[in-house]
Amino acid sequence: MKKSGIKTLDICYVALGTALITVCAWLAIPTPMDISFTMQTFAVCLCAGLLGWKRSTVSVIVYILLGMVGLPIFTGFKSGVAAITGPTGGYIVGFVLTALITGALVQKFGHKFWQLILFMVIGLTVCYAFGTVWFIIAYKATLKAALATCVVPFLLPECGKILLAALLTNRLIRFVK
């Protein structure tokens, strides 16, 4: 008979995913635009690749909820609802979509290196689209200004983070149950 429900191993993986995202949020290089270069997207992609869509999505949701209740786990050790509802909150909320989409694609189609890169690009594209629309609404910015502020400066670093996440996923997946 198959047991259903939450397993201890799932809880451990979710906790590890949440911790990884938190630590990667703290690894930040501030910019004059008040939008930092962080390793959060790397962590979300790595979690999605290694943990699948359920565990990685729950990891991101737990991360967001912990930050919203006051734990200083967002970039710059920020916390609270204001960090989520602010101009860059859309990107944090977009992490949920990245984990969901990337994790589902990886689970369905596999862990080949080129597939991981493609799936992570798709997941982050959705995150960036969601976050950029949120930024436009919050700042009443034009699309051109939002892209110049929130997307273009981050494209090259994102490529490096995707490559690193895909490489680590490809190498570590055999150790994840």
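The axes of α4 (residues 89-109) and α5 (residues 113-139) in this predicted model come within 8 Å and cross at roughly 155 degrees. Here axes are lines fitted to C-alpha atoms, for helices over the stretch in contact, and angles run from 0 to 180 degrees between N-to-C directions. Helices are DSSP runs of H or I with at least four residues, numbered from the N terminus. The crossing angle makes α4 roughly antiparallel to α5, a label given to angles over 145 degrees, whereas those under 35 count as roughly parallel, 65 to 115 as roughly perpendicular and the rest as oblique. α4 passes α5 in a right-handed crossing, that is, with the near helix turned clockwise from the far one by less than a right angle. The residues of this contact divide into 19 nonpolar, 9 polar and no charged. In this division Ala, Val, Leu, Ile, Met, Phe, Trp, Tyr, Cys and Pro count as nonpolar, Asp, Glu, Lys and Arg as charged, and the others, Gly among them, as polar.

Residues are numbered from 1 along each chain as its sequence is written. Because the model is predicted, local features need pLDDT of at least 70 and side-chain atom pairs count only at pLDDT 80 or more, while totals for chains, interfaces and linings use all residues; side-chain values use heavy atoms, with hydrogens and water left out.

Helix α5 also packs against α6 (residues 143-151), at an angle of about 125 degrees and with the axes 10 Å apart. That angle makes α5 oblique to α6, and the crossing is right-handed. On the α5 side the contact (heavy atoms within 4.5 Å) is made by Y128, T132, F135 and I136, and on the α6 side by L143, A146, L147, T149, C150 and V151. By class, 8 of these residues are nonpolar, 2 are polar and none is charged. K140 is placed in the loop between α5 and α6. Its phi is near 55 degrees, a positive value in a residue other than glycine. K140 is exposed, with a relative accessible area of 74%; exposed means over 50%, buried under 20% and partly exposed in between, with a 1.4 Å probe and protein chains only.

α1 and α2 pack at an angle of about 85 degrees, with their axes 7 Å apart. α1 is therefore roughly perpendicular to α2. Their contact has 18 nonpolar, 5 polar and 2 charged residues.

The largest nonpolar core, a set of buried Ala, Val, Leu, Ile, Met, Phe, Trp, Tyr and Cys residues joined through side-chain atoms within 4.5 Å, has 33 residues. Those touching the most other members are I21, V60, Y63, I64, F74, I92 and M120. At least two residues each come from α1 (8-26), α2 (40-68), α3 (81-85), α4, α5 and α7 (155-172), and α2 gives the most, with 11 residues. V60 touches I21, V44, F95, V96 and A99, not counting residues up to four places away in sequence. Another core, of 9 residues, lies apart from this one and includes Y91, A141, A146 and C150.

The loop between α2 and α3 holds T75 and F77. With the same exclusion of residues up to four places away in sequence, T75 touches A25, A28, S36, T38, Q40 and Y63. The C-alpha atoms of T75 and G123, 48 residues apart along the chain, are separated by 21 Å. F77 has a positive phi of about 60 degrees although it is not a glycine.
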